[in-house]
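Q: I'd like to learn how to read a metal site and a buried side chain in a model. Can you walk me through it?

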Amino acid sequence: MLASNGNFLKDCWYVAAMSQEVSTKPLGRTLLERAVVLFRTEEGAVVALNDRCPHRFVPLSLGKVIGSSIQCTYHGLRFGPNGSCIHNPHGKVAQRLRIDAYPTIERYGYIWIWFGDPSKSDPSTLPNMPLLEREEEFTFVRGVLSVNANYELVTDNLLDLSHIEYLHPALARAEGVEGQKVEFFRENDTVIANRWKPNNSLSTFARLFWDCPPSSGDGRANIRWQPPAFLYLDIGVTEVGGKVEEGVCTPSIHLLTPATPFRTHYFWAQGRNRRLNDSEFDRKLWEMTDRIFRTEDKLVIEAQQASLGESADLLSMRPLLLEPDAPAMMARRILSQRISAEAAAESAEP
Ligand code: FES
Ligand SMILES: [Fe+2]
């Protein structure tokens, strides 16, 4: 079975939104082909419900939050956090007047949502992202992009860092491809792809973090992927022969949530261990990161999807595979196996 075309892994957490996006003003968002409304109750708890009133199918996200419930804008039915109707201004509250509610957790500055079996929605299965909570050592800026492409094309892009030298002139020079060391391997269901560039000239991006940048340094770009589409990228540079902990670390987190087979919510967080507590630098870094993802990666990935047409199945089109594609192929295989295993277990259930 292909991992694409709407066959998504279900028993796992996905990012539904950044914490700051969710308030008492309802937010409608398509996630895994479902219309979902997210809101905070007046007490601050996060709620995720099917974004469709069962009466005349109006999106509840057009309504308003009252206490811990949401009121439909059309005829005033109100639904509580577990999806049951708690108020019907036109008659009795019938048992069948309810909508789907989804488990959520707020952690690491994100709202996570679970679309699989609710009894399996264990918070301990959230991806581990400790850097986002080490605020004295790292500052992160965050953003979200809507990419008109299948989420596995975005995963491919991130796991294949050989594109950096060509697509991102501010991040590396094309001549730097030579002389780099590369390794990749798998640890259980995690794919790891590491690149080192010893004694290489510093990129425009790396120079931002030094008061007096050295002319060259030892660079690294180490990425980890775990299903369904969580990526952690450790980019850093030290003085030649220097220790990692004394150098510049600019880790980034990339969390992909399919909206549909052809659209992806791309949540990113770009961190650094230099120039902390500097809001002007935050703004500069946010603009640079957003510009790179939006005008370089997103542009190419959307053009790639347009070229593939109405297919989310890249492999059926027999692409030429180069050596740097190996980690992405490994991730595609793992995800496909996980989705098949989940579907098989589901169909075996009594
Ligand atoms: S459509 Fe929601 S109450 Fe009528
Ligand atoms: Fe990129």
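Here we go through a metal site, then one residue.

A: Ground rules: this is a predicted model, where local features need pLDDT of at least 70, side-chain atom pairs count only at pLDDT 80 or more, and totals for chains, interfaces and linings use all residues. Residues are numbered from 1 along each chain as its sequence is written, chains are lettered from A and ligands numbered from 1 in the order written, and side-chain values use heavy atoms, leaving out hydrogens and water.

Q: Which protein donors does the iron ion (ligand 2) have?

A: Donors are N, O and S atoms within 2.8 Å of the metal (3.2 Å for Na, K and Ca); water is not among the atoms, so sites may look incomplete. Here they are His163 (NE2), His168 (NE2) and Asp297, listed twice through OD, at 2.1 to 2.7 Å. The sequence spacing is H-x4-H-x128-D. His168 sits in the loop between helix H2 (164-167) and strand E13 (181-187), while Asp297 is in helix H4 (residues 279-308), 129 residues apart. Helices (H or I, at least four residues) and strands (E, at least two) are DSSP runs, numbered from the N terminus.

Q: Are His168 and Asp297 buried or exposed?

A: Buried means under 20% relative accessible area, exposed over 50%, partly exposed in between (1.4 Å probe, protein chains only). His168 is buried at 2%, and Asp297 is buried at 5%.

Q: What does the side chain of Thr257 reach?

A: A polar contact is a pair of N or O atoms within 3.5 Å; within protein, one must be able to donate a hydrogen and the other to accept it, and residues adjacent in sequence count only if both atoms are side-chain atoms. Thr257's side chain reaches the backbone oxygen of Val15 at 2.7 Å. Thr257 lies in strand E18 (residues 252-260) and is buried at 1% relative accessibility.
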